[in-house]
Structures are given as C-alpha cells and as structure tokens.
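The following exercises ask the reader to work through a structure step by step. Each task is followed by its solution.

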Amino acid sequence: MSATPQSPLDPARFCAMMTQSYENRIPADVRTIIAAEAITPLGPKPHIVDLGCGPGLWLRDVAALRPDATLAGYDRDAKMLEAARGLGLKKAKWQSADVGAADFALKPDSCDVIAAHFFFHFFADPRRLLATMHDALRVGGSFVMTGWVRSSMADFADFWVTARTAIESSSAQAAPTDDPEAFCYQRFAEFNRYTLDDIRWLLGRHGFSVRRDAMYTKNFAYLIAGIA
Ligand SMILES: C[S@@+](CC[C@H](N)C(=O)[O-])C[C@H]1O[C@@H](n2cnc3c(N)ncnc32)[C@H](O)[C@@H]1O
C-alpha cells in the first residue's frame, strides 16, 4: 500500500489542473529564489530529481536554466508522465514509481537537488522519504520544496473559490464538478497537515539544515535545505 492517498480526481482532470495552476502555485519569483540558491551555483552536469513531478513543468524550467543537467522526474500517475514526456526534454528521464512505497529507492550520494513540489503534504509519515532523500543527496546539494502548509479553513476555502474558478474557466478537461466546495471539506486535513515549523522540525530530525524558507501566500511556502 502506498504511503500517500490516491487522488479522487479523474487523471486527465488532475493533470490539467496541475498544468493550469503551475504558474500560480510555483510563481516565477519563487522559482527565481530556488534557482539562485540551489540550481545556478551547482557545478557542471548536476543531477536534479523531482519527486511527484506531475506534468514535469518545474524540470522543464530547470532544463532551460541548466542545459547541462541530467533530470529525473518520478510520478506514479500515467497521465502526468505522458504530459511530462510530451515536453520533449532531451536530458530528462520520467519514471513511473510510487515514491511512498516501501521499496522506493534513490541511489545514495547521487543527487545534487531533490525537489518535492506540492507533494510533501501527502505524507502522513514522511520518515522513510526523508531518510531516502538524505542518503541520496550529495554534500552541497539541496532539498527544495514548495507547497501546502497549514492555514485556516477560511484561507483554504478562499484559495479554492478563486483557484477553481480560474482553473475551470481555462480548461475543458478541468470542467466544474457538481459540488465544487466538497473538495475543500473532504481534503482540508490532508492539505493542511504541516505548518512550516513542523516541516523545519521534521527536516532537522532527519539531518537537514534549512537554509531559507518563507510563506509566499497564506497557504503556500517554499523551503530550501542542505544536509547537515
Ligand atoms: C499536486 S501534484 C503536483 C505535481 C507537480 N509537482 C507540480 O507541482 O506541478 C502531486 C503529484 O504527486 C504525485 N504523487 C502522489 N503520490 C505519489 C506517490 N506516492 N508516488 C509518486 N507520485 C505521487 C501525483 O500523481 C501528482 O502528479
């Protein structure tokens, strides 16, 4: 059994939502901070991994910045991987894998950056994931994440009203559901699992040292950490 829940959404719809919302979820100014802190300073031919890569848009942006990098995106969803492969990135490998499975592994000391965008909140017990990432990161490398952190139900609901209207009006595949508010109630606890302090604490317990982090909306944070 996977450590992360299955999406209740139709795969094509989920993929369309992730694609449509990318610029709002991981905005250019946040990508620039991550690039300046964790990507640009790397030596030649870095290896950059994206866990729960979805349609691959973050690795696409990394490829534009670092054409010398080898890239690996992992996801368990076939539609997401199909979209990522459609990007035509020559140095990217897109791998079907359940990152939450007990046998998921990365080669020790093989990665210069490991990213988890809008992915960490899925893990109720992230200990194995954190240990795997710690072993796989090279000294001087970074764990980078963006994603959901705990907010009030009012802020969570506000986000969804605005986001869903924007997403649904821009993609036929992301057409409205009968009860757009249901998602908000059904999945509030999962998306609001960790505060930024909780994530810092979890990382500290697993041998990471946080270099930079911030909330960039009421609901989203970024974080960049090295291995201590
Ligand atoms: C919210 S989406 C984010 C996608 C992408 N990181 C982004 O920000 O655009 C989460 C992704 O994680 C994937 N995912 C969830 N649980 C997973 C698991 N246990 N193993 C691999 N992928 C998983 C989903 O299929 C989905 O593509």
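**Exercise 1. Helix α3**

Identify the buried residues of α3 and the elements that cover them.

Solution. In this predicted model, the buried residues of α3 are Leu 57, Trp 58, Leu 59, Val 62 and Ala 63. The next step is to find what lies over them. Their cover includes three strands of low number, β1 (47–51), β2 and β3 (92–96), together with β4 and the helices α1 and α2.

**Exercise 2. Helix α2**

Compare the end-to-end distance of α2 with that of a straight helix, then determine how its buried and exposed residues are arranged.

Solution. Step one concerns length. Helix α2 spans residues 28–39, twelve in number, and its end C-alpha atoms are only 14 Å apart. A straight helix would reach 16 Å at 1.5 Å a residue, so α2 falls short of that value.

Step two concerns burial. Arg 31, Ile 34, Ala 38 and Ile 39 are the buried residues of α2. They lie on the same side of the helix because the arc they cover around the axis is only 70°. The other side of α2 carries the exposed residues Asp 29, Thr 32 and Ala 36.

Step three concerns the partners. The buried residues of α2 pack against α3 (57–65), β4 (111–117), β5 (137–148) and β7 (220–227).

**Exercise 3. The largest nonpolar core**

State which residues of the largest nonpolar core touch the most other members, and list the contacts of Val 113.

Solution. The core has 58 residues, and within it Val 113, Ile 114 and Ala 115 touch the most other members. The element that gives the most to this core is β7, with six residues.

For Val 113, residues up to four places away in sequence are left out of the count. The contacts that remain are Ala 38, Ile 39, Pro 46, Ile 48, Val 49, Gly 141, Ser 142 and Val 144. Two of these, Ala 38 and Ile 39, are among the buried residues of α2.

**Exercise 4. The shell around the ligand**

Describe the shell around the ligand by its nearest residues, its contributing elements and its residue classes.

Solution. The ligand has 21 residues around it, of which Gly 52, Gly 54, Asp 77, Gly 100 and His 117 come nearest. Two elements, α1 (11–25) and β2 (70–75), give two or more residues to this shell. The largest contribution is that of α1, with three residues. Sorted by class, the shell has ten nonpolar, six polar and five charged residues.

**Exercise 5. Two positive phi values**

Locate Lys 45 and Phe 118, and decide for each whether the residue is buried or exposed.

Solution. As background, most residues other than glycine have a negative phi.

Lys 45 has a phi near 50°, a positive value in a residue other than glycine. Its place is the loop between α2 and β1. Lys 45 counts as exposed because 11 other C-beta atoms lie within 10 Å, and the limit for this class is 12 or fewer.

Phe 118 likewise has a positive phi, near 50°. This residue is found in the loop between β4 and α5 (127–136). With 20 other C-beta atoms within 10 Å, Phe 118 is buried, since the class begins at 20 or more.

**Exercise 6. Sequence separation and spatial distance**

For Pro 108, Ala 157 and Leu 196, relate the separation along the chain to the C-alpha distance in space.

Solution. Begin with Pro 108, an exposed residue in the loop between β3 and β4. Its C-alpha atom is separated by 7.1 Å from that of Leu 137, 29 residues apart along the chain. Not counting residues up to four places away in sequence, Pro 108 touches Asp 135 and Ala 136.

Ala 157 belongs to helix α6 (residues 153–170) and is partly exposed, with 15 other C-beta atoms within 10 Å. The C-alpha atoms of Ala 157 and Cys 184 are 6.2 Å apart, with these positions 27 residues apart along the chain counted as their separation.

Leu 196, in helix α9 (residues 196–205), is partly exposed with 16 other C-beta atoms within 10 Å. Leu 196 and Leu 71 are 125 residues apart in sequence and 27 Å apart in space, C-alpha to C-alpha. Beyond four places in sequence, Leu 196 touches Val 149, Asp 213, Met 215 and Ala 221.

Definitions and conventions
Residues are numbered from 1 along each chain as its sequence is written. This is a predicted model: local features need pLDDT of at least 70, side-chain atom pairs count only at pLDDT 80 or more; totals for chains, interfaces and linings use all residues. A residue is near a molecule or strand if its C-beta atom, placed from the backbone, lies within 6 Å of it. Helices (H or I, at least four residues) and strands (E, at least two) are DSSP runs, numbered from the N terminus. Ala, Val, Leu, Ile, Met, Phe, Trp, Tyr, Cys and Pro count as nonpolar, Asp, Glu, Lys and Arg as charged, and the others, Gly among them, as polar. The arc is that of the directions from the helix axis to the C-beta atoms. Two residues are in contact if their C-beta atoms, placed from the backbone, lie within 7 Å. A nonpolar core is a set of buried Ala, Val, Leu, Ile, Met, Phe, Trp, Tyr and Cys residues joined through C-beta atoms within 7 Å.
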